Amino acid sequence: MQHPGFICATCGVQYPDSAEPPAHCDICEDERQFVPVEGQRWTTASQLSAAHTNTFRHMAPGLLALASVPKIAIGQRAFLLRTPAGNLLWDCLSLLDEATFELIEGLGGIDAIAMSHPHFFSTMAAWGEAFDCPVHVHAADRDWVTIPDSRLQFWEGETLEPLPGLMLHRLGGHFPGACVLHWAERGILLTGDTLLVTPDRMASFMWSYPNNIPLPASAVVQIGERLAPLSIDSAYSAFWGQEILLDAGRVIEESVQRHCLAVRGEVPSA
């Protein structure tokens, strides 16, 4: 089911099979991520399967979220979109066990996988192989791919329609190829953490989330301009409980304005 090869315990990304763990994790050593103070740690697919499982949650008609429990690495959730044109998986999890495979196969399998950015690449090659489907990765993030695979499809430009009615939009910012997925018929935007829903149900725009480095106003204005034409009723970001369920397009627009005021030093004074 899984590819052999060590998996970074901090970011969850898998590396090619080897007798010893890699000396470094390129993704964790980048300033958008981090290496724990105790040093780099590694795990394997079999170790994850022995101690973890994946849970599924209904989020909206045709939209299921899945995540690993207990938390693995960054702890992101993936989404399975069930549409008349087929099923698409948005982002991946490090754990792909037999139960997950059988449950998804029972729902019609996966016809395409789309990735938001490198932090969630996890074991995407194994998912593509297991479900025998293309894995769409923006070409601007090609250099972060750790396991080459013939199913990886590197797309270029600003938009891609991996399945009819589902549109990828490259927004950049967090990573050059960072993208979101728009399900126009349902007014749903899946954001990964290209923009991340905050506790007050607004959105934040960061170059590095763990290290609290915000994007410049110019990049966030561009993100807002690219999202403005879309009809967005709800937005779901990468983690449980972080979604905007009402009038999300307006909320994102206001979030862009708030972010730009803050980074320009124009927040209200106490």
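Axes here are lines fitted to C-alpha atoms, for helices over the stretch in contact, and angles run from 0 to 180 degrees between N-to-C directions. Helices (H or I, at least four residues) and strands (E, at least two) are DSSP runs, numbered from the N terminus. The structure is a predicted model, in which local features need pLDDT of at least 70 and side-chain atom pairs count only at pLDDT 80 or more, while totals for chains, interfaces and linings use all residues. Residues are numbered from 1 along each chain as its sequence is written, and side-chain values use heavy atoms, with hydrogens and water left out.

The sheet is a good place to start. It is open and built of 7 strands in the order β3-β4-β5-β6-β7-β8-β9, with mixed pairing; two strands pair if DSSP finds at least two bridges between them. Because β3 (53–60) and β9 stand at the edges with a single partner strand each, one side of each has no neighbour in the sheet. From one strand to the next the twist averages 25°.

Helix α3 lies across β3, β4 and β5 (78–83), and runs at about 30° to β3. Helix α4 also packs on the sheet, where it touches β4, β6, β7, β8 and β9, and its direction makes about 150° with that of β8. Contact means heavy atoms within 4.5 Å.

Next come the strands from β6 to β9. β6 and β7 run parallel and are joined by 3 bridges, with Trp90 opposite Ala114 in β7. Strand β7 (residues 112–114) pairs with β8 in the parallel sense over 2 bridges, and here Ala114 stands opposite His136 in β8. Between these two strands the chain passes through helix α4 (residues 124–131), making a right-handed β-α-β crossover. Right-handed means that, with the strands pointing away from the viewer, the path from the first strand over the helix to the second runs clockwise. β8 also pairs with strand β9 (residues 152–155), in the parallel sense over 4 bridges, and Trp155 in β9 is the bridge partner of His138.

Strand β8 (residues 135–138) is covered on both faces: Val135 and Val137 on one side, and His136 and His138 on the other, are all buried. Buried means under 20% relative accessible area, exposed over 50%, and partly exposed in between (1.4 Å probe, protein chains only).

How many of the 8 residues of α4 are buried? The count is 6 of the 8, so α4 is largely enclosed by the rest of the structure. These residues are Met124, Ala125, Ala126, Trp127, Gly128 and Phe131. They pack against β4 (63–69), β6 (86–90), α3 (98–106), β7, β8 and β9. After α4 comes Asp132, with a positive phi near 50°.

Two of the buried α4 residues, Trp127 and Phe131, form one aromatic cluster with Phe101. Rings of Phe, Tyr and Trp (its six-membered ring) pair if their centres lie within 6.5 Å; planes under 30 degrees apart count as stacked, over 60 as edge-to-face and the rest as tilted. The whole structure holds 6 aromatic pairs. In one of them, Tyr15 and Trp42 have ring centres 5.5 Å apart and planes at 85°, so the pair is edge-to-face. Tyr15 belongs to the loop between β1 (7–8) and α1 (26–29), and Trp42 to strand β2 (residues 42–43), 27 residues apart. Tyr15 is buried at 8% relative accessible area, and Trp42 is buried at 18%.
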